[in-house]
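This briefing introduces the pockets of one protein structure to a reader who has not met it before. Please look over the sequence and the model before reading on.

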Amino acid sequence: AILATPAPAFLLDGVDGSTLVFLVTAFINSPRNTGSMRSELLMDILARLRADGIALTSPQDINLATRKARPADTSEELRVHPGPGATPLRD
């Protein structure tokens with residue numbers, strides 16, 4: 001359970017474009033409950049946002065890619081080309 005003392009804190013930590021970043025600090029009765037308490041707190045925040053009609057934005061772009069496995073080619077050599085200002089690699 002989240003302890004009443006010291007009181008939990010909910011602070012606006014930053015604004016990045018259209019994103020608000022909050023810092024939530026709370027003390028719990030046992031470190032073993034950290035994961036479940038974090039999940040419970042996040043679910044409660046989401047439920048309260050929905051109840052107040054505050055919608056979260058959905059990602060605008062979702063890119064899914066699949067890559068077919070290809071057989072190992074031991075004859076192919078990997079070459080790395082250094083960028084500007086980098087020390088060239090020896091052949």
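The points below describe two pockets and their linings.

The model is predicted: local features need pLDDT of at least 70, side-chain atom pairs count only at pLDDT 80 or more, and totals for chains, interfaces and linings use all residues. Residues are numbered from 1 along each chain as its sequence is written, and side-chain values use heavy atoms, with hydrogens and water left out.

**Largest pocket**
- A pocket is an open set of points on a 1 Å grid over the protein atoms alone, where a 1.4 Å probe fits, with protein on both sides within 12 Å along at least five of seven lines.
- The largest pocket has a volume (the space filled by probe spheres set on the points, which are joined across faces, edges and corners) of about 610 Å³.
- Its lining (residues with an atom within 4 Å of a point) comprises 21 residues, and Phe 10, Phe 22, Ile 45, Leu 49 and Leu 56 lie nearest the centre.
- Strand S1 (9–16), strand S2 (19–25) and helix H1 (34–51) each give two or more residues to this lining; these elements are DSSP runs numbered from the N terminus (helices: H or I, at least four residues; strands: E, at least two).
- H1 supplies the largest share, seven residues.

**Second largest pocket**
- The second largest pocket has a volume of about 270 Å³.
- Among the residues that line the second largest pocket are Ile 2, Val 24, Met 37, Arg 38 and Ile 45.
- S2 and H1 are the elements that give two or more residues to this lining, and the largest share, six residues, comes from H1.
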